[in-house]
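Dear colleague,

I am passing on a structure that you have not worked with before, and below it I have set out what was found when it was examined. Please have the sequence and the model open beside this message as you read.

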Amino acid sequence: RYRNPATMLAAAVLVAAIALSRVVIGVHFLADVIAGVAIGVSFLVVMDRVTDGDPVRGFAVALALGVPAVAAAAVAGAELELAVVSLGSAVGGLAAATVLDSIPELRSRREGVALVVVGLLYLVAVSSLEETLLGIHPGLGVVLFAVLIAGIMLAPWALGQAVPDRVAV
């Protein structure tokens, strides 16, 4: 089970900053932002209990929620983009989480910088294809985001930073 207090504090500060920025720029009311944060925190608490901190179980739950979300959006004639992104992310996360035994450790600051640079380049490349692929077919969007999330999760391993025990080299 992975719970780093510094990471959790950083995430809380980020959520608060983003939430308050929505009020400051005038796109949401304070009550809407508070309700959204409360719903999000409640969801995270429930997911923490359901998954017991196991990423494979977490991505499996996300996949189980993503399939009906895409179906519901398609039936309702709604925009599929967010549902497709969620489903693809769940597929990629589940695939990568089943390969990795644990979060690979970086051994130096230089390795961390290299990983960030490669990750940013990867995000730019994939995001440049996003609208094109989603416009062609939602299934391509699912594949794109599956590859994106799996690629991000597997990047330290792929760069040779750490090799999980279950993966033969």
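Helices here are DSSP runs of H or I with at least four residues, and strands are runs of E with at least two, each numbered from the N terminus. Counted in that way, the secondary structure of this predicted model comes to six helices and zero strands, and the pattern along the sequence reads α-α-α-α-α-α.

Of the 169 residues in the protein, 25% are buried. Among contacts between residues at least 6 apart in sequence, 65% join residues that are at least 24 apart.

The pair formed by helix 1 (residues 5-24) and helix 2 (residues 30-51) may be a good place to begin: their axes come within 9 Å and cross at roughly 155 degrees. Angles over 145 degrees count as roughly antiparallel, and helix 1 and helix 2 are therefore roughly antiparallel to each other, with a crossing that is right-handed. Where they meet, helix 1 contributes Val15, Ala19, Arg22 and Val23, while helix 2 contributes Leu30, Val33 and Val37. By class, this contact holds six nonpolar residues, no polar ones and one charged residue.

Helix 4 (residues 81-99) has 19 residues, and from its first C-alpha to its last it reaches 27 Å, close to the 27 Å expected at 1.5 Å a residue. The buried residues of helix 4 include Ala83, Val84, Val85, Leu87, Gly88 and Ser89, and, further along, Gly92, Gly93, Leu94, Ala96 and Ala97.

With best wishes

Definitions and conventions
Residues are numbered from 1 along each chain as its sequence is written. This is a predicted model: local features need pLDDT of at least 70, side-chain atom pairs count only at pLDDT 80 or more; totals for chains, interfaces and linings use all residues. Side-chain values use heavy atoms; hydrogens and water are left out. Axes are lines fitted to C-alpha atoms, for helices over the stretch in contact, and angles run from 0 to 180 degrees between N-to-C directions. Angles under 35 degrees count as roughly parallel, over 145 as roughly antiparallel, 65 to 115 as roughly perpendicular and the rest as oblique. A crossing is left-handed if the near helix is turned anticlockwise from the far one by less than a right angle, and right-handed if clockwise. Contact means heavy atoms within 4.5 Å. Ala, Val, Leu, Ile, Met, Phe, Trp, Tyr, Cys and Pro count as nonpolar, Asp, Glu, Lys and Arg as charged, and the others, Gly among them, as polar. The expected span of a helix is 1.5 Å times one less than its number of residues. Buried means under 20% relative accessible area, exposed over 50%, partly exposed in between (1.4 Å probe, protein chains only).
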